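Visitor: I'd like to learn how to read a helix, a sheet and a ligand shell straight from a model. Could you walk me through one?

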Amino acid sequence: MESSTYLLEVENLWKVFVEKDSTLHMEDYLSGSGDVNGQVVAVRDVSFKLKEGEVYVIMGLSGSGKSTLIRCLLRLIEPDYGQIRVKGQDVTAMGLKELTEFRRTQVAMVFQHYGLLPHRTVLENVSFGLKLQGVKHKEREKRALQAIEKVGLLKWTKHYPEHLSGGMQQRVGIARALVQDADLLLLDEPFSGLDPLIRGEMQDELLRLQAELKKTMVFVTHDLNEALRLGDRMAVMKQGLFVQEGTPRDIVMNPADEYVKRFVQNERQVSLLTETAEEKKKVSNLTPLIGGKQGKKAAGSGR
Ligand SMILES: Nc1ncnc2c1ncn2[C@@H]1O[C@H](COP(=O)(O)OP(=O)(O)O)[C@@H](O)[C@H]1O
Ligand SMILES: [Mg+2]
């Protein structure tokens, strides 16, 4: 849109959860005078930028603020301070009407627990968002079928969610996001509920889709392996704060503190041995062998 070269820009974003009988004084947090009892700083002064087509992974332990942050990006949770811009548009300043339009057309979200409508078929689930947009029936069906084809579920269009495996349900979740044709995709631990084998397949699938569609993605995970496979860049989050940002390789090679170090310990060997993303992808398929204890021995590290 405007002159901005970034698709997504987040600046000094804060979210503080406050108990009913407590009042938030943002200026106290901004001046650094310390946290208030009974207030949870879920997102603390977070800034980052994404170029078009980038996959940005946010990684952190449970409770570190990942979901709060990603939900703030489309204001499913209202941030308390800071700015969010998508294609130069100030999301934080949008009125309700503008925000609704923004959510329908510019951004799509995939949730951990799929969030499918149980009494609607796969086809209906995928086309539902278009219905809300007022797209005509025929066009809706055509676009939904295209999205369903992309995730390999064309044989399942008439089935209901309960008849699908977890992996298939999440494919529907992804198709539902794709059908909106938004440039920005937000994914909150989409594969965390899946068993490891299916999870790996879904990661492959996402990489394949990304090569074809070149979306801009924010991908939340608590799994380093997943972060390394999918991320062009990544941030490590701890207690609401971005403790480190960089390429996966930077983070593995030069962890900023003990917290990050503990996350990446097992991955150091893998990255020492590989340079390109392509190689890394191959090797990370073998991580159970290479990243584990045997790998450490095999790599013969002196540390
Ligand atoms: N609605 C809420 N009210 C109060 N505290 C919340 C709410 N949602 C999340 N939190 C707190 O904010 C912190 C970050 O949570 P969350 O964003 O869900 O982390 P993650 O997704 O990384 O597991 C946690 O301490 C959590 O307990
Ligand atoms: Mg979460």
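**Reading a helix, a sheet and a shell**

Guide: Let's start with H7, where the buried residues are Arg199, Met202, Gln203 and Leu206. Keep in mind that this is a predicted model.

Visitor: How do I read a list like that?

Guide: An α-helix has 3.6 residues a turn, so residues three or four places apart point the same way. Here, looking down the axis of H7, the buried residues fall within an arc of 105°, so they line one face of the helix.

Visitor: Which exposed residues does the face of H7 turned away from its buried side carry?

Guide: That face has Leu197, Arg208, Ala211 and Glu212.

Visitor: And what covers the buried residues of H7?

Guide: The cover includes helix H6 (166–179) and helix H8 (224–230).

Visitor: What span should helix H7 have, going by its residues?

Guide: H7 has 18 residues, 196–213, and at 1.5 Å a residue they should span 26 Å. The end C-alpha atoms of H7 are 25 Å apart, which agrees. Just after H7 comes Lys214, with a positive phi, near 50°.

Visitor: Now the sheet. What should I look for?

Guide: Strands of a sheet pair through backbone hydrogen bonds, either parallel or antiparallel. In this model there is an open sheet of four strands, in the order S2-S1-S4-S5, and the pairing is antiparallel. S2 and strand S5 (89–90) are the edge strands, each pairing on one side only.

Visitor: How many bridges join S4 and S5?

Guide: Two bridges, in the antiparallel sense, with S4 covering residues 81–86. As for Arg85, its bridge partner in S5 is Asp90.

Visitor: On to the ligand. Which residues surround ligand 1?

Guide: The shell is made of Phe17, Val40, Ala42, Gly60, Ser62, Gly63, Ser64, Gly65, Lys66, Ser67 and Thr68. Two elements give two or more residues to that shell: strand S2 (39–50) and helix H2 (66–72). So S2 turns up twice, as an edge strand of the sheet and as a contributor to the shell.

Visitor: Which element gives the largest share of the shell around ligand 1?

Guide: That's H2, with three residues. Sorted by class, the shell has three nonpolar, seven polar and one charged residues.

Visitor: Can we zoom out before we stop?

Guide: Sure. The protein has 14 helices and ten strands, and buried residues make up 39% of its 303 residues. Among contacts with a separation of 6 or more, 68% are between residues 24 or more positions apart.

Conventions:
Residues are numbered from 1 along each chain as its sequence is written. Chains are lettered from A and ligands numbered from 1 in the order in which they are written. This is a predicted model: local features need pLDDT of at least 70, side-chain atom pairs count only at pLDDT 80 or more; totals for chains, interfaces and linings use all residues. A residue is near a molecule or strand if its C-beta atom, placed from the backbone, lies within 6 Å of it. Ala, Val, Leu, Ile, Met, Phe, Trp, Tyr, Cys and Pro count as nonpolar, Asp, Glu, Lys and Arg as charged, and the others, Gly among them, as polar. The expected span of a helix is 1.5 Å times one less than its number of residues. A residue is buried if 20 or more other C-beta atoms lie within 10 Å of its own, exposed if 12 or fewer, and partly exposed in between; C-beta atoms are placed from the backbone. The arc is that of the directions from the helix axis to the C-beta atoms. Two residues are in contact if their C-beta atoms, placed from the backbone, lie within 7 Å. Two strands pair if DSSP finds at least two bridges between them.
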